[in-house]
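Trainee: Before we discuss this entry, may I see the sequence and the coordinates together?
Mentor: Certainly; they are displayed here.

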Amino acid sequence: MAIGSGKEEQLEKRLDEQGGGNSGSQSAGVPADGKVEGNAYNPQGNPGVRHWQASFISRDGLQDRGNIFFAAVEMTRMPMVVTDPRQPDNPIAFANGAFFDLTGYESGEVIGRNCRFLQGPETDQRTLDEVRQALAEQRAVAVDVLNYKKDGAPFWNALFIGPIFDEDGQLLYYFASQMDITERRANQEAYLQAQKMEAIGQLTAGIAHDFNNLLQVINGNLEVAMVSLERPDTARPALERAQRAAMRAGKLTQQLLTFARKQRLEPRPVNINNLVVEFSDMLVRTLGGKLELRLDLRPGLPVCMIDPTHFEMALLNVLINARDAMPDGGEVTVATSIVRGEDRLKVHGLPHGTYISLCVIDHGPGMPPEVLRHATEPFFTTKGPGTGLGLAMVHGFVQQSHGRLELSSQPGQGTKVTMIFPIADSASGADEASSANGAQADENKPCVLVVEDNDDVRELAEQVLEMEGYAVQSAGSGEQALALLREGDPVDLLFTDVIMPGGMTGIELAEQARTLRPGLPVLVTTGYMDELPDCGRSGGLEILAKPYRQESLLEKVRVALARQPINVVPGLGGPLGGNDG
Ligand SMILES: Cc1cc2nc3c(=O)[nH]c(=O)nc-3n(C[C@H](O)[C@H](O)[C@H](O)COP(=O)(O)O)c2cc1C
């Protein structure tokens, strides 16, 4: 953030001298010269040039109140205060009428007190840190801070503070002006909200459009398949087309869930170099004809535990930003490296460990500090029609992967976006192999109780499981499922949707089912991962994200059955083994 000049800098700057004459100037000031004092609201509407950020006066004291300037300060509608930092706790030494009008306090209630009496429960501490820091450095600062009037009413205060020195550079006073910008903030927030709604509208319209197309393909091909049941050579390709479109629709919902950060990540040990290389065709296509992609990949990279699909999406998002930053072409570098050693970890603020960093470097115009500060906020965009979700998504993904996202950029010097991920611990590699278990012999297939309120979805699951040779029981609600379990039907695995009508969720069902049948393996499925409590493997629940592919369902069923040694409660259900082969 560009801030007001520091004290040393002030002393070196050209001064604007005032009230000259034989005795020399009566006061002098450091003109702002376009240097802003912070990100706060600026009443001039432009970076100030001529107002002073620090002043030097020749006569100390506040008693001289007979001149035009004192009258002006009392007449202005801009609240102003002067504090005396030579007194303990920097108390108010003077406040003008407009300050009392704004805050509702009387002179006797404020003179001699530090201005912090204006603060309250919702005042942002980081803003106060900024002020404290500026005062410690004896420099100007401007912040928007939430304050409270005497009657308790909150208001947004555009506060500007600047130091006043004597001719030798000794600090005498602080001057501050305040301004109630509550209405402006409310308008600004309403405007931002409207923009977000606009962005959501755009996003929704785009999604509706894509989904319509996919539904068209699915329905059309299913119709073709229906009328061609007698001709498998026609029906089959139609079904395959419908299936591909349905999978694309599934991908789309996954992407939306990532926007909403409600996506369940499926981390597995991956080598980032391999992913980048495998994905490089796509990256080159994304960059378009004018940009060169340069890969600078550190050989021998350890593996990381990340979700490869989301990693690719994140990389794509960053590449798209780089592309948009360089419309005239140039080179974009994707580089990987290992981050280890206490010094390097310290630079990145990382806890002890070894990390992989992947950075994307462009040579675009770069970002000014105020843009950089907001770049990962959702809906923040400088690109016009975009929704501003790109870097927010990347940030969400990296955070969820226990990593860090770092942005460094300066106007005229391009941008470097770095994603840092911890390397996988050696134990996690074992997971990769676990998916290779073969199917079990049909005659030994256990019984799966499918609980799902949507008839079509339930029937599909039943069919897939039956085709694989499982015995299937089904229920349309948690209550029905419990009734089945109470009747003592043999059930080896409970496969349940999470959100179901009728009050009982899949999670509650799982709990009650486990009371009836301790150790019963449970597989839950949902498209809305946020609904799941933290009940992953430690809670003994396997989780299947919706929409799922047949093979994912079968795989999860196998894993769930194999994971939990099944304890049979005597008298409830028959022997539940037969699934461990
Ligand atoms: C001249 C001057 C005016 C100030 N005016 C305000 C103000 O209007 N509202 C506010 O919240 N803080 C104001 N402050 C900041 C507080 O006095 C104080 O510096 C801030 O709370 C951080 O320090 P602390 O941690 O000691 O409270 C002002 C400070 C100075 C020097």
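Trainee: In what order do the 5 strands of the open sheet with parallel pairing run?
Mentor: This is a predicted model, in which local features need pLDDT of at least 70 and side-chain atom pairs count only at pLDDT 80 or more, while totals for chains, interfaces and linings use all residues. Residues are numbered from 1 along each chain as its sequence is written. Strands (E, at least two residues) and helices (H or I, at least four) are DSSP runs numbered from the N terminus, and two strands pair if DSSP finds at least two bridges between them. On that basis, the order of this open sheet is β17-β16-β18-β19-β20.

Trainee: Which strands form the edges of this sheet?
Mentor: An edge strand here pairs on one side only. The two that do so are β17 (471–475) and β20.

Trainee: By what angle are neighbouring strands of this sheet turned against each other on average?
Mentor: Axes are lines fitted to C-alpha atoms, for helices over the stretch in contact, and angles run from 0 to 180 degrees between N-to-C directions. With direction ignored, the average for this sheet is 20°.

Trainee: Which helix packs on the sheet, touching β16, β18, β19 and β20?
Mentor: Contact requires that the C-beta atoms of two residues, placed from the backbone, lie within 7 Å. The direction of the helix makes about 160° with that of β18. The helix is α17.

Trainee: Why do the buried residues of α17 lie on the same side of the helix?
Mentor: A residue is buried if 20 or more other C-beta atoms lie within 10 Å of its own, exposed if 12 or fewer, and partly exposed in between, with C-beta atoms placed from the backbone. In α17 (residues 506–516) the buried residues are Gly506, Ile507, Leu509, Ala510 and Ala513. They are on the same side because the directions from the helix axis to their C-beta atoms cover an arc of only 155°.

Trainee: How many of the residues of β20 are buried?
Mentor: Both faces of this strand are covered, with Leu541, Ile543 and Ala545 on one side and Glu542 and Leu544 on the other. The strand is therefore largely enclosed by the rest of the structure, the count of buried residues being 5 of the 5.

Trainee: Which residue of β20 is the bridge partner of threonine 526?
Mentor: β19 and β20 run parallel and are joined by 5 bridges. In β20, the partner of threonine 526 is alanine 545.

Trainee: Which strands are the edges of the mixed sheet?
Mentor: That open sheet has 5 strands in the order β10-β12-β13-β15-β14. Those pairing on one side only are β10 (291–296) and β14 (404–409).

Trainee: Which residue of β15 is the bridge partner of leucine 405?
Mentor: β14 runs antiparallel to β15 (residues 415–422), and 6 bridges join the two. The partner of leucine 405 is methionine 419.

Trainee: Which element supplies the largest share of the shell around the ligand?
Mentor: A residue is near the ligand if its C-beta atom, placed from the backbone, lies within 6 Å of it. Of the 20 residues around the ligand, Thr83, Cys115, Arg116, Tyr174 and Ala176 come nearest. At least two residues each come from β4 (80–83), α5 (125–136), β6 (141–148), β7 and β8. The largest share, 4 residues, is supplied by α5.

Trainee: Is glycine 169 buried or partly exposed?
Mentor: Glycine 169 sits in the loop between β7 (154–166) and β8 (171–177). Because 13 C-beta neighbours lie inside 10 Å, glycine 169 counts as partly exposed.
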